[in-house]
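Grab a pencil and work through these exercises with the model open beside you. Try each task on your own before you read the solution.

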Amino acid sequence: MSGATIADAVRVGRMPWSGLLALFSAAFTAVMTELLPAGLLPQLGAALGVPEGRAGFLVTAYAVASTLSAIPLTALLRGLPRRPVLVGTLAGFALFNTVTALSSSYAVTFGARVLAGVMGGILWAMLVGYAARMVPVERRGRAIAIVSAGITVALCAGIPAGAALASAFGWRTAFLGLAVVAVALVGWVLWKVPDFPGEAATVRVPLRRVAVLPGVRVILGVTVLVLVGHQVMYTYLAPFVDFAGLGRTSVVLLVFGVGTVAGIWVTGVVIDRFPRVTLVVVLAVVAGAMAVLAVSGGQGWAPMAVSEGPGWAPPGFSGGQSWAPLGAVALWGAAFGGVPTLLQSALVDASGAGNADAATSMQTTVYNAGIAAGSLAGGLVLEGAGPGALPWTSLPLVAVALAVVVAARRHAFPACRA
């Protein structure tokens, strides 16, 4: 799409769907590249001649490289036109997924994963800002929601489909497929995604000044609190489900995933009209879900048990168990599905669209740090106090995040956009 066409679309308030869906697909490809190996560790380990534990380091290497590269490389590339940078990252995904597919050396594969992680760090730092610049301000939240939905679709449908493809045709085919998708995306981006100029050195706001813009640090702090609280519970959902006797973990994860899809759709509908209220509501729902899981889980789900009479129940969910905790998981998924989009949109509003790449590079780092900290904290709680303590650990973190959002109504989370 030409620059003139984009400008016309922005003036009349239309959504540039083709360009936004290209960015959606880029997010999908990045998540697939990062997480697909997690479901293929036995095959990867056997092919590369390493134990499954070392094969798992291929996931870790990507995540660490993405976290460490986001801020410095975003700062380095801020002056360049945006579309060539986007095309370069997609070409990098194509190259490094191809290397992964063809390699029989653990060292070579590890190096390819590190470099793919660097591409991921650059991509995540620019996608939100790119989407924000493609639409008028009153459509900004919806545009960010569309792009962010690529993450949800990858987690809920892409990863299972990739694992099925790998099971049927081999794991190398799955990575070659990702490489082909990335190549196709290069053409799609060149065809339908507008180019935007980089930031001139004379007007470029240094990263340290972006960090101290009113509201930015508060939003980053809320991001950490929410991600740590979420990850404490989500990472160790399987042992919690076993402890509480809910049934099969796969069923609970399916319920959470379906809720997430619904949540991000609803968020996309309401975010541009009610950004602050929506964030307050979803954080309150997450906190409420954690409270239900904490109370019910600690009592083995028994106090609210349904009758054992005939009736439908999902596979892996027996009649003697309560629907309330499963409903809490569904609400948790639905509420959390909108949280990343709401926080990203708030950050773009606080920093300004021109500083969005710099601000979201910080959020990318903070987001990954929150995931790592939550997983570590959850593991320590699991070993020290047992699975029943996990939701009690998550609850105060989410509650504090909610309190901060309620209090920070001037700059970080105002009722209306400026």
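**Exercise 1. A residue and its contacts**

Which residues does Ser361 touch, not counting residues up to four places away in sequence?

*Solution.* Before we start: this is a predicted model, in which local features need pLDDT of at least 70, side-chain atom pairs count only at pLDDT 80 or more, and totals for chains, interfaces and linings use all residues. Residues are numbered from 1 along each chain as its sequence is written, and side-chain values use heavy atoms, with hydrogens and water left out.

Step 1: find the residue. Ser361 sits in helix H15; helices (H or I, at least four residues) and strands (E, at least two) are DSSP runs, numbered from the N terminus.

Step 2: list the partners. A contact means heavy atoms within 4.5 Å. Leaving out residues up to four places away in sequence, Ser361 touches Ala70, Ile71, Thr74, Ala125 and Leu207.

Step 3: check the accessibility. Buried means under 20% relative accessible area, exposed means over 50%, and partly exposed is in between (1.4 Å probe, protein chains only). With a relative accessible area of 0%, Ser361 is buried.

Step 4: try another residue of H15. Thr360 is found in this helix, which covers residues 356-385. Its relative accessibility is 3%, so Thr360 counts as buried. Setting aside neighbours within four places in sequence, Thr360 is in contact with Trp124, Ala125, Met126, Val128 and Leu347.

**Exercise 2. The whole chain**

Work out how many helices and strands the protein chain has, and what share of its residues counts as buried.

*Solution.* Step 1: count the elements. You should get 16 helices and zero strands.

Step 2: look at burial. Of the 418 residues in the protein chain, 53% count as buried.

Step 3: look at the contacts. Take those in the protein chain with a separation of 6 or more: residues 24 or more positions apart account for 85% of them.

**Exercise 3. Two helices that pack**

At what angle do helix H2 and helix H4 pack?

*Solution.* Step 1: know what to look for. Two packed helices are described by the angle between their axes and the distance between the axes.

Step 2: read off the geometry. Axes are lines fitted to C-alpha atoms, for helices over the stretch in contact, and angles run from 0 to 180 degrees between N-to-C directions. H2 (residues 17-35) and H4 (residues 52-77) pack at about 135°, and their axes are 8 Å apart.

Step 3: name the arrangement. That makes H2 oblique to H4, given that angles under 35 degrees count as roughly parallel, over 145 as roughly antiparallel, 65 to 115 as roughly perpendicular and the rest as oblique.

Step 4: find the contact residues. H2 brings Ala30, Thr33 and Glu34, while H4 brings Val59, Tyr62 and Ala63.

Step 5: zoom in on Thr33. Thr33 is buried, with a relative accessible area of 0%. Not counting residues up to four places away in sequence, Thr33 touches Tyr62, Phe93, Asn97, Arg113, Ala116 and Leu178.

**Exercise 4. A charged pair**

Which side chain meets that of Asp349 in a salt bridge?

*Solution.* Step 1: recall the rule. A salt bridge is a side-chain nitrogen of Lys or Arg within 4 Å of a carboxyl oxygen of Asp or Glu.

Step 2: apply it. The count comes to one salt bridge. Asp349 pairs with Arg140, at 2.7 Å from N to O.

Step 3: place the pair. Asp349 is in helix H14 (residues 323-351) and Arg140 is in helix H7 (residues 140-169), 209 residues apart.

Step 4: compare accessibility. Asp349 has 30% relative accessibility and counts as partly exposed, whereas Arg140, at 11%, counts as buried.

**Exercise 5. Nonpolar cores**

How many residues does the largest nonpolar core have?

*Solution.* Step 1: define it. A nonpolar core is a set of buried Ala, Val, Leu, Ile, Met, Phe, Trp, Tyr and Cys residues joined through side-chain atoms within 4.5 Å.

Step 2: count. The largest one has 58 residues, and Leu20, Leu23, Leu86, Leu90, Phe93, Leu127 and Tyr130 have the most contacts inside it.

Step 3: find the main supplier. Helix H6 gives the largest share of this core, twelve residues.

Step 4: look for another. A second, separate core has 56 residues, including Val286, Ala289, Val339 and Ala346.
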